[in-house]
Amino acid sequence: RYGDDAENTFRRTKTLRHPHTLLYLDGVDLPGETVIVTEKVVTLEYWLREVLQKMESQKQKNMAISWGLHCILKALAFLNNDCKLIHGNISLDSIFVTVGGDWKLGGLYIVGEVDTIERAPCRLFREHSNILANKYKPPERQKNQWNAVARSVHGSDIWALGCVMFECFNGIATDSNEFMQTSRIPSFLRKLYTQMLSSNPEDRPDAEKLYKSQGFQRAFKNRFFACNLFLEEIQLKSIGEKLDFFQRISSELDSFPPQACKYKILKEIKSTQEGVKGQNLAPQAQGQLATVLFEPVLKIGSMFEDDEAEYKKHVVPAIINLFACNDRGIRVSLLQNLDRYAKFLDEQVMNGKLFESICSGFGDTTPILRELTLKSMLVIAPKLSEKNLNDVLMRHLVRLQSDQEPSIRTNTVICLSRIVQYTNEATREKLIIGSFPKAAREHFTHTRIAGLKAIASTYKHLLTAPKVPLLTAKVLPAICVALSDASPEVRSIAFATMKTVLKDLEAE
């Protein structure tokens, strides 16, 4: 914008600081041009059309609107009551919404004090009154009755806010006559709404009275509202209070507006994770924190599943932070739910500290953690680098073939047979002539079965002329031993495998 209203906007936006006014970041006021840089927002009109209407339930919509009205009532109480200023431009275009769902009061073009000499609003208000659409103007403003406007600093703004509130519940009005239709205004707000649109500006309650009224307090009585109030003061809360909070809301996230979960609550979860890193918490406290944060992270992550880029940006860092915790409980939960987020972990993330953290489970003294770590390799192996797959991972898996738990030895063979396709030629050869024949001779029946099945699914890699001797010298003897196994199932698989191998060898 240009002119004195632009200069006023620049000055007011820069100096009027409040949690619910549009945040000024930077700006320049030059002759003929004023540029203001603010936080990232959209207009309330856009938000009502593109965000609110896409929410799944009316309950979510009402929660989002109630929090937004809280924000604007607080901002107006600050402007009208504390600063004694008239905004003069309350509309869907002067209220903005952050990505997390917070409403911010902006559009401060004609904000000013009452002119006590003229007993009228400030000059800008009078000269640029048409900046506000007629449908938002109270009767005294439409008639240019400036004395009536000046007698109630908040009167003009409260009327316009009432019109905005109507549009939040009914859709955008095309004519001021629509504002008389109150049927879709929540019943507990109708009386207040009527007072906000009183023909006498002095009968309109100010923002502070509206906020404290029984009607608005009822509108604010929901878990989402309480959640937002806590988040406003979260920097002042102790770790224990934060843990209690995130634990309470975990089961309620599905009922909250998605945008708030994705871009506000998750942000605070990550801030909490980062905030405790330098506090040297005891391992037990770290585990408790990670356990509490785990479910909210995955729940919110599911809301990003249609947008891979946003998931990687907002959710993956929180998951990586959880993996940094050495608590067994949280590691078990992370590995059990790997399929819920693994597809969003790209190769760079996977081959960094995350792979190192996961591999630490191979050496854990708890069998279930070793087992889950092993099974996770089926998911992450395709994303591993040459070195991590063929060197680091293979060393861990070879050791697991001698694990004291028979089921882990068996599953190690099964895992190797499934990821062998991703290995290089040298590693693949070692598995086929070393690991799988070894498993076929194991004393645990299910491991022998797994070894024979692994041979049956991979031996063809040795059918090329230079490698046939390896097949006959290293692999066939293991199959031959299994032909006289005590287990009928082992013998059956051995005979079937031997027939197939011999048939292919003869053809070769």
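The following legends describe four close-up views of a predicted model.

**View 1. Packing of helix α11 against helix α12.** Helix α11 (residues 223-232) and helix α12 (residues 239-249) pack with their axes 12 Å apart, at an angle of about 155 degrees. This angle makes α11 roughly antiparallel to α12, since angles over 145 degrees are placed in that class. The two helices cross in a left-handed sense. On the side of α11, the contact is formed by Arg223, Cys227, Phe230 and Leu231; α12 contributes Glu241, Lys242, Phe245, Arg248 and Ile249. By residue class, the contact of α11 with α12 comprises five nonpolar and four charged residues, with no polar ones.

**View 2. The open sheet β3-β5-β6 and its helix α3.** Three strands make up this open sheet, in the order β3-β5-β6 and with antiparallel pairing. The edge positions are held by β3 (41-43) and β6 (103-105); each has a single partner strand, so one side of each is left without a neighbour in the sheet. On average, and with direction ignored, neighbouring strands of this sheet are turned by 40 degrees against each other. Strand β5 (residues 95-98) runs antiparallel to β3 and is joined to β3 by three bridges. Within this pair, Thr43 stands opposite Phe96 of β5. Helix α3 (residues 58-82) packs on the sheet and touches both β5 and β6. The direction of α3 makes about 25 degrees with that of β6.

**View 3. The open sheet β4-β7-β8.** This open sheet consists of three strands in the order β4-β7-β8, and the pairing is antiparallel. Here β4 (85-86) and β8 (120-121) stand at the edges. Each of these edge strands has a single partner strand, so one side of each is left without a neighbour in the sheet. Two bridges link β4 with strand β7 (residues 112-115) in the antiparallel sense. For Ile86, the bridge partner in β7 is Gly112.

**View 4. Surroundings of Asp403.** Asp403 lies in the loop that connects α20 (386-400) and α21 (406-419). The relative accessible area of Asp403 is 9%, and the residue therefore counts as buried, the cut-off being under 20%. When residues up to four places away in sequence are not counted, Asp403 touches Arg370, Ile408 and Arg409.

Key
Residues numbered from 1 in each chain as written. Predicted model: local features only at pLDDT ≥ 70, side-chain atom pairs only at ≥ 80, totals over all residues. Heavy atoms only, no water. Axes fitted to C-alpha atoms, helices over the stretch in contact; angles between N-to-C directions. Helix = DSSP H or I, 4+ residues; strand = E, 2+ residues; numbered from the N terminus. Parallel < 35°, antiparallel > 145°, perpendicular 65-115°, else oblique. Left-handed = near helix turned anticlockwise from the far one by under 90°. Contact = heavy atoms within 4.5 Å. Nonpolar A, V, L, I, M, F, W, Y, C, P; charged D, E, K, R; others polar. Pairing = 2+ DSSP bridges. Buried < 20%, exposed > 50% of the residue type's maximum accessible area, 1.4 Å probe, protein only.
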